[in-house]
Amino acid sequence: MEVSKLKKLIKDCFTTIYFKYNGEWGNVEPCTNGKKEYSYLCYYGDVDVTLHDIDDVMNLKFVCGKSLNEIAGELEDVDW
């Protein structure tokens, strides 16, 4: 999946985005309080981090030490 498409899916706060990388499932769960204040729960393996900026989400190295920007094209079974 293209980086820009993945980022848009997450930012649009539609629903949890699930993905598989190296045979393990992870996800990013976007949340809003209704006032356009967002938070994003990033989960993969033992990593469970909440961030408040989409660029931080895309740059966080939470998937096997890599960021979503680095591995977007390698993600498998991206679903929402």
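1. **The aromatic cluster.** In this predicted model, ring pairs tie Phe19, Tyr44 and Phe62 together into a cluster. Searching the whole structure turns up three aromatic pairs. Take phenylalanine 19 with tyrosine 44: the ring centres sit 6.2 Å apart and the planes make an angle of 5°, so this pair is stacked. The two partners come from distant parts of the chain, with phenylalanine 19 in strand β1 and tyrosine 44 in strand β3, 25 residues apart. Both phenylalanine 19 and tyrosine 44 are buried.

2. **The other ring on Phe19.** Phenylalanine 19 also pairs with phenylalanine 62, and here the centres are 6.4 Å apart with the planes at 75°, so the pair is edge-to-face. This one again links distant parts of the chain: phenylalanine 19 is in strand β1, while phenylalanine 62 is in the loop between α2 (54-59) and α3 (68-71), 43 residues apart. How buried are the two rings' residues? Phenylalanine 19 has a relative accessible area of 2%, and phenylalanine 62 comes in at 3%. Both values fall under the 20% cut-off, so phenylalanine 19 and phenylalanine 62 count as buried.

3. **First hairpin, β1 and β2.** Strand β1 covers residues 17-21 and strand β2 covers residues 24-32; they pair in the antiparallel sense over five bridges. If you want a register marker, use isoleucine 17, whose bridge partner in β2 is valine 28. Two residues separate the strands of this hairpin, and asparagine 22 in the turn has a positive phi of about 55°.

4. **Second hairpin, β2 and β3.** β2 also pairs with strand β3 (residues 38-44), again in the antiparallel sense, over seven bridges. Valine 28 turns up here too, standing opposite cysteine 42 in β3. So what sits between these two strands? There are five residues between them, and glycine 34 takes a positive phi near 90°. As background for looking at these strands, side chains in a regular strand alternate between the two faces of the sheet.

5. **Threonine 16, just ahead of β1.** This residue lies in the loop between α1 (3-11) and β1. Is threonine 16 buried or exposed? Its relative accessible area is 11%, so threonine 16 is buried. Leaving aside residues up to four places away in sequence, threonine 16 touches Asn27, Val28, Glu29, Pro30, Asp79 and Trp80. Val28 in that list is the residue already met as the bridge partner of isoleucine 17.

6. **Salt bridge between two helices.** The whole-structure search gives three salt bridges. In one of them, the side chains of lysine 7 and aspartate 55 meet at 2.6 Å, N to O. That pair connects distant parts of the chain, lysine 7 being in helix α1 and aspartate 55 in helix α2, 48 residues apart. Lysine 7 has 27% relative accessibility, so it counts as partly exposed; aspartate 55, at 36%, also counts as partly exposed.

7. **Salt bridge between two strands.** Aspartate 77 forms a salt bridge with lysine 20, with the closest N and O atoms 3.6 Å apart. Here too the partners are distant in the chain: aspartate 77 is in strand β5 (residues 76-79) and lysine 20 is in strand β1, 57 residues apart. Aspartate 77 is partly exposed, at 45% relative accessibility.

8. **Lysine 61 and glutamate 70.** These two form a salt bridge as well, their closest N and O atoms being 3.3 Å apart. Lysine 61 reaches 52% relative accessibility, so it counts as exposed. Glutamate 70 has a relative accessible area of 43% and is therefore partly exposed.

9. **The cysteines.** How many disulfides are there? The count comes to zero. Why is cysteine 64 left without a bond? The closest cysteine sulfur to the one in cysteine 64 belongs to cysteine 42, and at 15 Å it is too far for a bond; the cut-off for a disulfide is 2.5 Å between the sulfur atoms. Cysteine 64 is partly exposed, with a relative accessible area of 44%. Cysteine 31 counts as partly exposed too, at 31% relative accessibility. Cysteine 42, for its part, is the β3 residue that stands opposite valine 28.

Conventions. Residues are numbered from 1 along each chain as its sequence is written. This is a predicted model: local features need pLDDT of at least 70, side-chain atom pairs count only at pLDDT 80 or more; totals for chains, interfaces and linings use all residues. Side-chain values use heavy atoms; hydrogens and water are left out. Two strands pair if DSSP finds at least two bridges between them. Helices (H or I, at least four residues) and strands (E, at least two) are DSSP runs, numbered from the N terminus. Rings of Phe, Tyr and Trp (its six-membered ring) pair if their centres lie within 6.5 Å; planes under 30 degrees apart count as stacked, over 60 as edge-to-face and the rest as tilted. Buried means under 20% relative accessible area, exposed over 50%, partly exposed in between (1.4 Å probe, protein chains only). Contact means heavy atoms within 4.5 Å. A salt bridge is a side-chain nitrogen of Lys or Arg within 4 Å of a carboxyl oxygen of Asp or Glu.
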